[in-house]
Amino acid sequence: MKLHIGMISDHASPLAPPGGTDSGGQNVYVSQTARYLARRGHRVDVFTRRDDSRLPEVLYRGRNLRVIHVPAGPPVPLPKEGLLSYMPDFSHWMQRWMMRAEEACDLVHAHFWMSGLVAAELKERLGIPYVTSFHALGTVRRNHQGDLDRFPPERMAIEKRIVQTSDRVIASCPQEFEDLVRYYDAEPHRMARIPCGVDPGEMRPLGKRHARWRLGIPEHHFIAMHVGRMVPRKGIDNVVRGFARFLRCQSRPAALYIVGGDSEAPDPRLTPEIGVLSRLAESEGVSHAVHFVGRRDREKLKLYYSAADVFLTTPWYEPFGITPLEAMACGTPVIASEVGGLKYTVCHQKTGFLVSVNHAEALEERLLELSLKPDLRTQMGRIGRRRTRALFRWSRVTHLLEEVYHEVTHDDL
């Protein structure tokens with residue numbers, strides 16, 4: 001049976017380019033699953049907050065897929081940490097929308113805790129079932145970030161309500177499943193384990209020489225790459241320190257490319273973390289070898305992944321992490337922090353290496369090993385690509401979501 005699915009993604013529009021401060025894996029997840037579900041014949045509406053007055057209320061994205069911009073707060077970009085006060089407006093608008101017979105959804109899939117709050121109100125008032133993907137848990141975030149966490153303290157209580165009232169809670173990896181049970185008393189029989197994904201047709205090896213020629217990267221340098229949001233918790237400072245240690249103890253030409261930010265040209269005024277990292281690279285004596293690229297669209301990202309000898313990602317914590325999957329899909333080995341979803345996607349000593357958080361020395365050692373063993377890099381890249389195709393294709397993710405949606409719309413739990 002084909003369904004009418006409403007996806008709520010309060011701050012993460014599927015139209016936003018990834019790599020900005022508030023634009024990352026959730027945007028990609030919503031965009032890709034909505035697109036694949038629409039291809040499979042389901043009617044999909046993505047509801048996201050209007051953050052630009054020029055955006056139309058309804059934007060058609062092909063057959064069966066619409067992005068609907070909800071008026072909640074001023075139509076300008078706002079930090080997601082400050083959006084909770086606008087969620088009542090978001091919720092009331094959606095209730096009015098869903099009460100129109102032609103717009104009523106069979107179920108709602110909430111992405112993030114504020115979206116879950118809206119979905120819980122829809123279920124309570126209109127009886128619409130909902131499933132939730134948190135993408136990050138407030139308790140885990142607070143444990144790692146402490147006072148740097150700027151979300152309101154009521155987040156955790158709201159998340160507990162969502163866990164209790166969701167018809168299903170989707171955990172993206174074993175660690176998130178454990179955290180939901182441990183911190184939120186989630187009931188395993190009301191949960192589903194479904195990972196994030198990658199499109200092997202979109203992210204694929206392009207050939208290192210060709211990719212480097214297209215990007216103007218020296219052909220014979222050892223190239224390390226980081227792609228992602230430019231925020232402190234991503235641990236890019238550790239990447240710079242580890243790369244600096246590596247560069248000082250070997251003679252081969254090498255460079256680190258950092259892709260991401262709130263503009264296509266790297267601008268510390270728009271992305272303050274670039275300024276912080278630039279000063280760090282200078283103090284470490286490696287500013288000549290650390291290149292800030294700025295934001296790039298998805299068509300260009302596969303060039304950067306393919307051009308790299310190794311992909312680096314060492315966050316403090318990571319609920320899942322889509323960029324390492326994309327690097328693996330492009331045949332590039334990954335060195336990652338041994339946290340969250342990275343422990344699940346990166347197979348230690350098979351598709352790359354897992355290292356301790358904020359451990360520049362361990363990163364240095366693994367960089368040295370991979371720089372000296374090109375055959376190992378090739379082998380890890382090959383295994384990584386096979387792993388992504390077997391377990392993490394968006395088509396497989398979408399099929400698993402469909403099963404959950406049909407259970408929710410047919411089963412009375």
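Select Val259 and Gly294 to begin the tour: in this predicted model, Val259 stands opposite Gly294, the latter a residue of strand S11. Widen the selection to residues 254-259 and 290-294, and you have strands S10 and S11, which run parallel and are joined by 4 bridges. To follow the chain between them, add residues 272-283, which form helix H9; the path leads from S10 through H9 to S11, and this β-α-β crossover is right-handed.

Stay with S11 for a moment and colour its residues by accessibility. Of its 5 residues, 4 are buried, so the strand is largely enclosed by the rest of the structure.

Next, bring up the whole sheet to which these strands belong. It is an open sheet of 6 strands in the order S11-S10-S9-S12-S13-S14, and the pairing is parallel. At its edges lie S11 and S14, the latter spanning 352-355, and each of these pairs on one side only. If you fit axes to the strands, neighbouring ones are turned by 20 degrees against each other on average, when direction is ignored.

Move now to the S14 edge and select residues 334-337, which are strand S13; 4 bridges join S13 to S14, and the two run parallel. A convenient pair to label here is Ala336 and Leu354, since the viewer can then be centred on them: Ala336 stands opposite Leu354 in S14.

With the sheet still displayed, add residues 236-248, which are helix H8. This helix lies across S9 (222-227), S10, S11 and S12 (310-313), and H8 runs at about 170 degrees to S10.

Keep H8 on screen and select residues 360-372, helix H13, whose axis comes within 8 Å of that of H8, the two crossing at roughly 55 degrees. Because the angle has this value, H8 counts as oblique to H13, and H8 passes H13 in a right-handed crossing. To see the contact itself, show side chains on both helices: from H8 the residues Asn238, Val239, Arg241, Gly242, Phe243, Arg245 and Phe246 take part, and they meet Ala360, Glu361, Leu363, Glu364, Leu367, Leu368 and Ser371 in H13.

For the last stop, select residues 107-111, strand S5, which includes His111. Is His111 buried or exposed? Its relative accessibility is 0%, and therefore His111 counts as buried. Leaving aside residues up to four places away in sequence, His111 touches Met7, Ile8, Ser9, Asp10, Gln26, Tyr29, Val30, Ser133 and His135.

Notes: Residues numbered from 1 in each chain as written. Predicted model: local features only at pLDDT ≥ 70, side-chain atom pairs only at ≥ 80, totals over all residues. Heavy atoms only, no water. Buried < 20%, exposed > 50% of the residue type's maximum accessible area, 1.4 Å probe, protein only. Pairing = 2+ DSSP bridges. Right-handed = clockwise from strand over helix to strand, strands pointing away. Axes fitted to C-alpha atoms, helices over the stretch in contact; angles between N-to-C directions. Parallel < 35°, antiparallel > 145°, perpendicular 65-115°, else oblique. Left-handed = near helix turned anticlockwise from the far one by under 90°. Contact = heavy atoms within 4.5 Å.
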